[in-house]
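Student: Could you take me through this one? I'd like to start with the overall fold and then look at some side chains.
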Amino acid sequence: MSDTGLPTALARELGSISAKLDNLHAGQQAHSAKLDSMDDRLRAVERKSALNGGVAGGVVAVTIGLIKSQFSGGS
């Protein structure tokens, strides 16, 4: 028997479970860090696509306005 009063086999199993939980926690932290980096990267892509969409929309609006003014007599 150990100093804690637990049988050796039970203490060994509890130690094994504790080690497995520590490994699971470390893996979860690694996944969390990876998700955070993916989130930052996705946010940058969303900003760029919003800017590109706005610019493209403006170009199309001006082009359609010019074409319309050419067909309506250029007033």
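Tutor: We can go from the overall fold to the charged side chains, keeping in mind that this is a predicted model.

Student: What does the secondary structure of the chain come to?
Tutor: The chain has one helix and zero strands. Its radius of gyration is 32 Å, well over the 11 Å that the globule rule gives for 75 residues, so the chain is more spread out than a compact globule. Along the principal axes, the C-alpha atoms fill a box of roughly 100 × 10 × 10 Å.

Student: How far apart are the end C-alpha atoms of helix H1?
Tutor: They are 93 Å apart, which agrees with the 94 Å that the 64 residues of H1 (residues 8–71) should span at 1.5 Å a residue. Just after H1, Gly 73 takes a positive phi of about 110°.

Student: And how much of the chain counts as buried?
Tutor: Of the 75 residues, 0% count as buried. The accessible surface comes to about 6600 Å², and carbon and sulfur atoms account for 63% of that.

Student: Switching to charges, how many salt bridges does the structure hold?
Tutor: There are two. Arg 43 meets Asp 39 at 2.9 Å, N to O, and Arg 43 also meets Asp 40 at 3.3 Å, N to O. Salt bridges with shared partners thus join Asp 39, Asp 40 and Arg 43 into one network.

Student: Where do Arg 43 and Asp 39 lie?
Tutor: Both lie in helix H1, four residues apart, about one turn of the helix. In an α-helix there are 3.6 residues a turn, so residues three or four places apart point the same way.

Student: Is Asp 40 buried, exposed or partly exposed?
Tutor: Asp 40 counts as partly exposed, at 47% relative accessibility.

Terms used. Residues are numbered from 1 along each chain as its sequence is written. This is a predicted model: local features need pLDDT of at least 70, side-chain atom pairs count only at pLDDT 80 or more; totals for chains, interfaces and linings use all residues. Side-chain values use heavy atoms; hydrogens and water are left out. Helices (H or I, at least four residues) and strands (E, at least two) are DSSP runs, numbered from the N terminus. The expected span of a helix is 1.5 Å times one less than its number of residues. The radius of gyration is taken over C-alpha atoms; the globule rule is 2.2 Å times the number of residues to the power 0.38. Buried means under 20% relative accessible area, exposed over 50%, partly exposed in between (1.4 Å probe, protein chains only). Accessible areas come from the Shrake-Rupley method with a 1.4 Å probe; for residues, only the protein chains shown count as cover. A salt bridge is a side-chain nitrogen of Lys or Arg within 4 Å of a carboxyl oxygen of Asp or Glu.
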